[in-house]
Amino acid sequence: MKKITIIFFIIAMIVSLTACGQGEGQGAKADHHAMSHNTKQTSGSAEPLRVDILTSANAFKANQKGEIKIRVTKGNKPVSHPEEVIFEIYKAHQQDASKKYKGMNKGNGLYGINMTFSKPGNYHVIAHVTANGTHTMPEKVFHVKPS
Ligand SMILES: [Cu+2]
């Protein structure tokens, strides 16, 4: 039993390194993920945590308010009490200047932020979600049109 736990921990470590390897060389981000991913999945719920970014990649024009929305589910059921919902956003090729925003709970497994992009261009949006010790972080590139 102990051996299995250790193997699982090693696998979790490898997965976390692969999943979040993009931010290497950036101390702050690495720390965030080291913490999130070390909370390994314990017994019970084998259903994977699923996060869908619902907002269309073309939904934004520069200097116009909009909303980025995600749906968090586990086994097709909405997740209502995740430990963390963080939206990380940065303009293409400017990951060093990424900003993080706490997601607002909209009920029914939906979470979102209000967002205004000041300049047109491509923006990376990463939804970092932790629920029941599992971390998922889908990414979508938004194409912000000139206003
Ligand atoms: Cu993450």
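Which residue in β2 is the bridge partner of Val-51? Val-72 is the partner of Val-51; the tour below leads to this pair and beyond.

This is a predicted model, in which local features need pLDDT of at least 70, side-chain atom pairs count only at pLDDT 80 or more, and totals for chains, interfaces and linings use all residues. Residues are numbered from 1 along each chain as its sequence is written.

Start with the whole protein. It has two helices and 10 strands, where helices (H or I, at least four residues) and strands (E, at least two) are DSSP runs numbered from the N terminus. Along the sequence the order is α-α-β-β-β-β-β-β-β-β-β-β. Of the 147 residues, 21% are buried (20 or more other C-beta atoms within 10 Å of the residue's own, with C-beta atoms placed from the backbone). Among contacts with a separation of 6 or more, 63% are between residues 24 or more positions apart; a contact means C-beta atoms, placed from the backbone, within 7 Å.

Next, select residues 66-74, strand β2. Strands count as paired if DSSP finds at least two bridges between them.

- Add residues 49-53: this is β1, antiparallel to β2 and joined to it by five bridges. Val-51 and Val-72 are bridge partners here.
- Add residues 110-115: this is β7, also antiparallel to β2, with six bridges. Glu-67 stands opposite Asn-114 of β7.
- Add residues 77-78: this is β3, antiparallel to β2 through two bridges. Pro-78 of β3 stands opposite Thr-73.

Finish at the turn of the β2-β3 hairpin, where two residues separate the strands. Select Gly-75 in this turn: its phi is positive, about 55°.

Definitions and conventions
Buried ≥ 20, exposed ≤ 12 C-beta atoms within 10 Å, placed from the backbone. Contact = placed C-beta atoms within 7 Å.
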